[in-house]
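Biologist: I'm new to this one, so could you pick a single part and walk me through it slowly? I'd like to see how that part fits in with the rest.

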Amino acid sequence: MNQYLKLPGVPHLAHRAMLATLVLSLGTLASALWPAQAAASQALVQRYACVGCHQANAQVVGPSWKGIAQKYAGSDTTAEQLAASIKAGGTGKWGPMPMPAQAQVPDADAKSIAQWLLDGAH
Ligand code: HEC
C-alpha cells in the first residue's frame, strides 16, 4: 500500500493518505481525551458528595447539572466565578433551598467542576 502510494506520478495520493492519517489520529486523540476529562469531573462531584443534592438531568435538592450548564454555558460567567459560587454555597438564585458552603473542595477541583458545567456537563 505505501509502496504503491509512493510511486512517481501519484504523489497527491500519498499526501492525502498522510493528511487522512493525521486527521484520524487527531480525532482519536480528542475523543480519547474529552471523555476522560468529563469522567474526572463526574468522579469529583461523587467524591465531594455533590451528587447527594445534584443529579444529571433532574432537579432534586439542587438544580440539575444540565440546568446549571444551560443557565451558564455561553454566558459571561467564568469558571473562576462559578467555582467561587460552589465553594461559598448560596441561596435564592435557583429557589429558597440553600446550598451549604463547600469550603473543603480545593480550588483546582472546584474550577474543574465549574469548567465541566460551563462546557455543558456532558
Ligand atoms: C445539601 C445540598 C447540596 C450540596 C451537598 C451541594 N449543593 Fe450545589 N446547590 C444546592 C442548592 C439548593 C443550590 C441552589 C442554590 C440557590 O438557589 O442559590 C445549588 C446550586 C449549585 C450551583 C449553582 C450556583 C450558582 O451560582 O448558580 C452549582 C454550580 C452547584 N450547586 C455545584 C455544587 C457542587 C460542585 C457541589 C459539591 C462540591 C454541590 N453543589 C453540593 C444544593 C447542594
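Modeller: Sure, let's start with Leu117. Leaving aside residues up to four places away in sequence, Leu117 touches Trp65, Ile68, Ala69, Tyr72 and Leu82. Bear in mind that this is a predicted model.

Leu117 also belongs to the largest nonpolar core, a group of 13 residues. Inside that core, the residues with the most contacts are Leu117 itself along with Ile86, Ala110, Ile113 and Ala114. Helix 3 (65–72), helix 4 and helix 5 are the elements that give two or more residues to this core. Helix 5 provides the largest share, with five residues.

Now step back to the whole chain. There are five helices and zero strands, so to speak a plain α-α-α-α-α when you read along the sequence. Of its 122 residues, 14% count as buried. Among contacts with a separation of 6 or more, 52% are between residues 24 or more positions apart.

Two of the helices from the core turn up again around the ligand. Helix 4 (79–88) and helix 5 (107–118) each supply at least two residues of the shell there, and helix 4 gives the most, with three residues. The shell has 27 residues, and those that come nearest to the ligand are Cys50, Cys53, Gly62, Trp94 and Met99. By type, the shell divides into 17 nonpolar residues, nine polar ones and one charged.

To come back to where we began, Leu117 is one of the residues with the most contacts inside the largest nonpolar core, and helix 5 is the element with the largest share of that core.

Methods:
Residues numbered from 1 in each chain as written. Predicted model: local features only at pLDDT ≥ 70, side-chain atom pairs only at ≥ 80, totals over all residues. Near = placed C-beta within 6 Å. Helix = DSSP H or I, 4+ residues; strand = E, 2+ residues; numbered from the N terminus. Nonpolar A, V, L, I, M, F, W, Y, C, P; charged D, E, K, R; others polar. Buried ≥ 20, exposed ≤ 12 C-beta atoms within 10 Å, placed from the backbone. Contact = placed C-beta atoms within 7 Å. Core = buried A, V, L, I, M, F, W, Y, C linked by C-beta atoms within 7 Å.
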